[in-house]
Amino acid sequence: MSVLKVAGLKVAYGGIKAVKGVDLEVGQGELIALIGANGAGKTTTLKAITGTLPDCSVEGTITYLGESLKGQQSFHLVEKKLAMVPEGRGVFTRMSIHENLLMGAYTRNDQAGIEADVERWFGLFPRLKERAKQMAGTLSGGEQQMLAMARALMSQPKLLLLDEPSMGLSPIMVEKIFEVIRAVSAEGITILLVEQNAHLALQAAHRAYVMDSGQIIMDGPASAMLDDPRVQAAYLGQ
């Protein structure tokens with residue numbers, strides 16, 4: 001079953017074409033990586049899906065669980081179980097970790113389920129549980145990334161969009177974040193991952209798309225891309 005289908009997506013800011021006819025699909029339970037160099041149009045594609053772009057021209061179709069997202073306001077997407085962890089994390093710095101998690105569940109009213117999910121995700125993010133009452137603004141970058149992911153998971157997403165989760169983190173923390181991404185995927189949650197660290201993204205993903213200058217130039221099984229000399233030369237430093 002297709003959870004997300006993007007067809008003929010074009011995004012232009014004035015005369016600048018940032019995305020030039022992108023087609024991609026994310027199936028139920030898949031972890032899909034969207035890789036490419038800086039400025040390739042990856043984040044613009046995610047923002048087009050979530051309706052969070054600034055004033056620009058958007059063409060094409062975006063279908064989520066069989067329903068068009070055209071004209072949908074971004075805050076309604078959480079009610080439809082589509083959650084995004086944006087680049088830069090965006091945690092509520094003056095709220096505690098626990099309060100941030102509860103904000104992720106604001107569309108829900110099943111109190112017992114919410115409390116169970118807090119414990120569930122604390123189990124996956126033990127660092128957060130140790131600091132549950134700590135203000136989010138005092139956390140390290142990696143801890144804030146974990147919190148942003150856990151907060152998004154509190155909405156019980158059927159599709160989780162991750163935008164550059166490893167950006168600005170230490171190598172050790174990057175490895176930890178990818179451990180968590182693989183664990184979340186193993187829980188059956190569908191993920192579309194935009195990531196500059198192509199090697200780790202391809203190791204984690206089932207399938208991948210390579211984006212360059214606003215276009216998809218390659219797609220296929222992630223394991224095959226790891227061995228593709230074109231991908232190795234352009235994105236893996238080999």
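This section describes the strands, helices and nonpolar cores of a predicted model.

A good place to start is the open sheet, in which six strands follow the order S6-S7-S8-S3-S9-S10 with mixed pairing. Its edges are formed by S6 and S10, each of which pairs on one side only. From one strand to the next, the twist averages 15°. Within this sheet, strand S3 (residues 31-35) runs parallel to S9, and four bridges join the two. One of the pairs brings isoleucine 35 together with valine 210, its bridge partner in S9. Helix H1 (residues 42-50) packs on the sheet, where it touches S3, S6, S7, S9 and strand S8 (190-194). The direction of H1 makes about 145° with that of S7. Helix H7 lies across S3, S7 and S8, and its angle to S8 is about 150°.

On its other side in the pairing order, S9 meets the edge strand S10. Strand S9 (residues 207-212) and strand S10 (residues 215-221) are antiparallel, with six bridges between them. Here aspartate 212 stands opposite glutamine 215. Two residues separate the strands of this hairpin, and serine 213 adopts a positive phi near 50°.

A second hairpin invites a look alongside that one. Strands S4 and S5 also have two residues between them, and leucine 65 in the turn has a positive phi of about 50°. The two strands run antiparallel and are joined by two bridges, S5 covering residues 67-68. Threonine 63 faces serine 68 of S5 across this pairing. Strand S4 (residues 57-64) is also joined by seven bridges to strand S1 (residues 2-13), again in the antiparallel sense. In that pairing, lysine 10 is found opposite glutamate 59.

Glutamate 25 belongs to strand S2 (residues 16-27). Its relative accessible area is 32%, so glutamate 25 counts as partly exposed, the range between 20% and 50%. Serine 2 lies 23 residues away in sequence, yet the two C-alpha atoms are 6.9 Å apart in space. Beyond its neighbours within four places in sequence, glutamate 25 is in contact with Ser2, Leu4, Lys5, Glu30, Ile32, Arg207 and Tyr209.

Turning to the helices, H6 (residues 141-153) offers a neat check on geometry. With 13 residues at 1.5 Å each, H6 should span 18 Å, and because its end C-alpha atoms are 18 Å apart, the expectation and the model agree. Helix H6 is mostly covered, with 12 of its 13 residues buried. Among the buried residues are Gly142, Glu143, Met146, Leu147, Arg151 and Leu153. Their cover includes strands S6 (82-85) and S7 (159-163), together with helices H3 (97-104), H4 (111-124), H5 (126-130) and H7 (171-186).

Finally, the nonpolar cores. In soluble globular proteins, nonpolar side chains tend to be buried together. The largest nonpolar core of the model holds 53 residues, and those touching the most other members are Phe125, Leu160, Ile181, Ile191 and Leu202. Leucine 160, leaving aside neighbours within four places in sequence, is in contact with Ala83, Val85, Ala152, Leu153, Val184, Ile189, Thr190, Ile191 and Leu192. Another core, of 28 residues, lies apart from the largest one, and its members include Val3, Ile32, Ile62 and Met211.

Methods. Residues numbered from 1 in each chain as written. Predicted model: local features only at pLDDT ≥ 70, side-chain atom pairs only at ≥ 80, totals over all residues. Heavy atoms only, no water. Pairing = 2+ DSSP bridges. Expected span 1.5 Å × (residues − 1). Buried < 20%, exposed > 50% of the residue type's maximum accessible area, 1.4 Å probe, protein only. Contact = heavy atoms within 4.5 Å. Axes fitted to C-alpha atoms, helices over the stretch in contact; angles between N-to-C directions. Core = buried A, V, L, I, M, F, W, Y, C linked by side-chain atoms within 4.5 Å.
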